[in-house]
Amino acid sequence: MSAPTLSDAPTSREPRSERTYPAYSRPLWRRALLTREFAVVALLGVVYLYSFNEVPAFDGPLTLYYLFLDIAPILLIAMPMTMVIITGEIDLSVASVVGLSSVLTGVLHQDAGLSIPVAALVAVLVGGLCGAFNGFLVAYVGLPSLAVTIGTLALYRGIAVGLLGTTAVTGFPDRWTDLAKQRIVEGSSWPMILVPFLLLLLFTTWLLHFSTFGRGVYEIGLNDEAAHFTGVNVELTKFWLFVFAGAVAGFAGVYYTLRYGSARGDNATGLELQVIAAVLLGGVSIFGGRGALHGVVAGAVLIGVISSAMRLENQTVNLINIVIGVLLVLSVTSTSFLAWASGLAAGRRRARSTDRSRTSSG
Amino acid sequence: MSTALVNDPATPTRGARGTQLLGALLRSRELAVLVVLLLIVLGTTLKSNGFLFSSDGFRNLLVTPSLLLLLAVGQTLVIVTRNVDLSVGSVLGLTAYLTGRLFADNPGIPVIAVFAAGLAMGALLGLVNGVLVAFGRVPALVITLGTLYIYRGIFLTWAGSDRINASDMDPGFLALGTRSILGIPVLTLIALGVLAAVGYYLHTARGGRELYAIGSDPDAATLYGLRVTRRVLVAFVLSGALAGLAGVVYAARYGTVSSGAGSGIELQAVGAAVIGGVAIFGGSGTVWGAAIGAFLLVTINRALPIVGISDFWQRAVVGALILAAIVLDRVLANRQERRLREQQGSSAAEAAPPGPDGPPVPAGPTDPTTHHDEEARA
């Protein structure tokens, strides 16, 4: 946001006052297009077109299908994670909840003899409970979410591994494992998991961008004290967001189990980092208060497209990790680098007119 | 955050009594973890004598934590400045592989050179983190998350399906992993030496005290004229170098380096620091606490199977411990805050009549109170 505003600076020669209204001083199309989110969408378009034309077999019928199957857990969890990060908190425990829910689905189905839908429901509920525990500690006890969720990351994963050891539950009914891999329309490249994802996306979009609750979420991220005084229930908002994240992670765990047909304690290890990478790549500020869902979806799909394109080019997963890591670092440093560069330019300009200019730029 | 302010041992202006009180409370924090550690060792030893009294058991008790201890010490340096370094696991893997590669490619290379190479490599990787964090003005969490991917990717690309075995390495180097001096394993001595040096630096050196100041309030530190950028950079370089050293130690201890080396250990390092009383929002905590935390984590892992809990539950116990530690921190901080307010309330009442040198006194009470309100809500 700040980069385009500051690039406007050259037009006004006078020492500008620090107080500007960047979002509404520009026409609508510039506000919509000159954003971090749109940069990610554009990058996704470029990478997709490039892969489509240059990477052999990328235009094949299976590419998109597997791409969506693979990134579905990331896409799902990225929705609540976006909101959690916008409030300025973070949830590192989601991947462990995925693992726990996966194990529960397996154990409840095999040992307790529950049918898959019931087991899945219990798993989602337990996911919500895990989230509620995080939320309680963060929102009501007031502990830093980073520390809390590092603790529950180990705790939930430990319970998952403890329940099942190194064994795996397999042998789920074909009906359900097929459902996880089914396509919406036979022959299309859109897997069935996109249906719940789109519903979730609609819900989250409404919640974050078109509801009072969502405005509160942004406000908390910008200044939770101010949010408190404008009547936002900061604690309750944070609490429910963690519950939301836990429940969605629980659902992702069920999907993960059925998709691969095996419930293991170490399922989805390290997924939390991929989710956070996707969210941050999508332009959500880790400081909170900034971000939009279309950027996050684009960020997650971008990671998926890059991975599948590189895999088709016979690159190893290691190189893919490097590229994702570099992208993440570049995307977060680019804004501050641009701000720094234009701040430097502005500072030099101001230095000519006034002497005491540099003090404010630091 | 306010914990950081209140806990900070770097505020000597509050008068001798206050400092003593703070000191005592801080000591008790580390003492508490130490007591838990000793209880665990005692309990496990009662269950099985070999845990402590067999020569092997005693050695393991000391050697196994040395790796995590190095990482936890480095992590403390970074966390104290209100940052975090998640890339240490990848740095460890990369330097462990570098160590093996150096021995495999240059037979007869002196052990000292390998240690130097590991340290230099780690410091370089830490420098990259530090430059990005300090100049990019981006939270360390994000940057080091990115470099975690990048470093591990580099490690795996470099290593491929290759695997370093004990036969590739210098026997003299591997002997470091088993040799002891005066009954204390060499690797533990290395770790303790590092601990002592960093502990001394943080406790007394100006640079170390500045790290606490930066973590307590970065803006205030900048206004005060501290070289925040440079100090943070140094903290990351040190953390990287210690992770590099840990990589060399890893190679010496285990003799093999496979692609999984060090993966996931970064969270253990953060966990050890947190358990040892290092506040995640900076400005508070000591390396002694982090070191005890590291010992505790590793010892619990080894003790659980002996007392009959399947070692699959280890991670759950570790998680519960981390949570318990931060909750305990909060409780202690609240109690301490209340005590400080009472104390300052009375001293402010006494100091009010004389008047002229008022400013420092009111500055004290307002500070914790405002923070307390903020925190009570948050």
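The exchange below goes through a predicted model of chain A and chain B and asks what its labels rest on.

Me: What makes Glu89(A) and Lys238(A) a salt bridge?
Reply: The distance from N to O between their side chains is 2.8 Å. The cut-off for a Lys or Arg nitrogen and an Asp or Glu carboxyl oxygen is 4 Å, so the pair qualifies.

Me: Where do Glu89(A) and Lys238(A) sit in the chain?
Reply: Glu89(A) belongs to the loop between helix H4 (61–86) and helix H5 (94–110) of chain A, and Lys238(A) to helix H12 of chain A. The two are 149 residues apart, and the pair links distant parts of the chain.

Me: Are Glu89(A) and Lys238(A) buried or exposed?
Reply: Both residues are buried.

Me: How do you know that Arg264(A) and Asp266(A) form a salt bridge, and why is each called partly exposed?
Reply: Their side chains meet at 3.0 Å, N to O, and the limit is 4 Å, so the pair is counted. Arg264(A) has 30% relative accessibility, which is neither under 20% nor over 50%, so Arg264(A) is partly exposed. Asp266(A), at 41%, falls in between the two cut-offs as well, and therefore gets that label.

Me: Why are Arg101(B) and Asp105(B) said to be separated by about one helical turn?
Reply: Because they are four residues apart in helix H5 (residues 88–105) of chain B. Their side chains meet in a salt bridge with an N to O distance of 3.2 Å. Asp105(B) has a relative accessible area of 49%, and the label exposed needs over 50%, so Asp105(B) is partly exposed.

Me: How many salt bridges are there over all chains, and how many between chain A and chain B?
Reply: The search of the whole structure gives eight. Between chain A and chain B the count is zero. Asp70(A), Arg259(A) and Arg311(A) are linked in a network of salt bridges.

Me: What makes up the interface of chain A and chain B, then?
Reply: Contact involves 49 residues of chain A and 36 residues of chain B. The area buried between the chains is about 3900 Å², with 77% of it from carbon and sulfur atoms. One residue pair in polar contact is found across the interface, both residues being at pLDDT 80 or more. On the chain A side, the elements that give two or more residues are helix H6 (116–140), helix H7 (145–164), helix H11 (224–229), helix H12 (234–260), helix H13 (271–281) and helix H15 (317–353). H7(A) gives the most, with 15 residues. By class, the side of chain A that touches chain B has 30 nonpolar, 15 polar and four charged residues.

Me: What does chain A look like as a whole?
Reply: Chain A has 16 helices and two strands. Of its 362 residues, 55% count as buried. Chain A exposes about 16100 Å², and carbon and sulfur atoms supply 65% of that area. Among contacts in chain A with a separation of 6 or more, 76% are between residues 24 or more positions apart.

Me: Why is Thr167(A) called partly exposed, and what lies around it?
Reply: Its relative accessible area is 47%, between the cut-offs of 20% and 50%, so Thr167(A) is partly exposed. Thr167(A) is in the loop between H7 and strand E1 (169–170) of chain A. A polar atom of its side chain lies 2.6 Å from the backbone oxygen of Leu164(A). The C-alpha atoms of Thr167(A) and Ala263(A) are separated by 8.8 Å, although these residues are 96 apart along the chain.

Me: Why is Ser90(B) called buried?
Reply: Its relative accessible area is 1%, and buried means under 20%, so the label holds. Ser90(B) is part of helix H5 of chain B. Leaving out residues up to four places away in sequence, Ser90(B) touches Leu148(B), Tyr151(B) and Arg152(B).

Me: What is listed for the phi of Arg82(B), and why is Arg82(B) called partly exposed?
Reply: The phi of Arg82(B) is positive, about 65°, although Arg82(B) is not a glycine. Arg82(B) is in the loop between helix H4 (55–80) and H5 of chain B. Its relative accessibility is 26%; buried would need under 20% and exposed over 50%, so Arg82(B) is partly exposed.

How values were computed: Residues numbered from 1 in each chain as written. Chains lettered and ligands numbered in written order. Predicted model: local features only at pLDDT ≥ 70, side-chain atom pairs only at ≥ 80, totals over all residues. Heavy atoms only, no water. Contact = heavy atoms within 4.5 Å. Buried area = accessible area lost by both parts, 1.4 Å probe. Polar contact = N/O pair within 3.5 Å; in protein donor to acceptor, adjacent residues only side chain to side chain. Nonpolar A, V, L, I, M, F, W, Y, C, P; charged D, E, K, R; others polar. Buried < 20%, exposed > 50% of the residue type's maximum accessible area, 1.4 Å probe, protein only. Areas by Shrake-Rupley, 256 points an atom, 1.4 Å probe, with all protein chains shown as cover.
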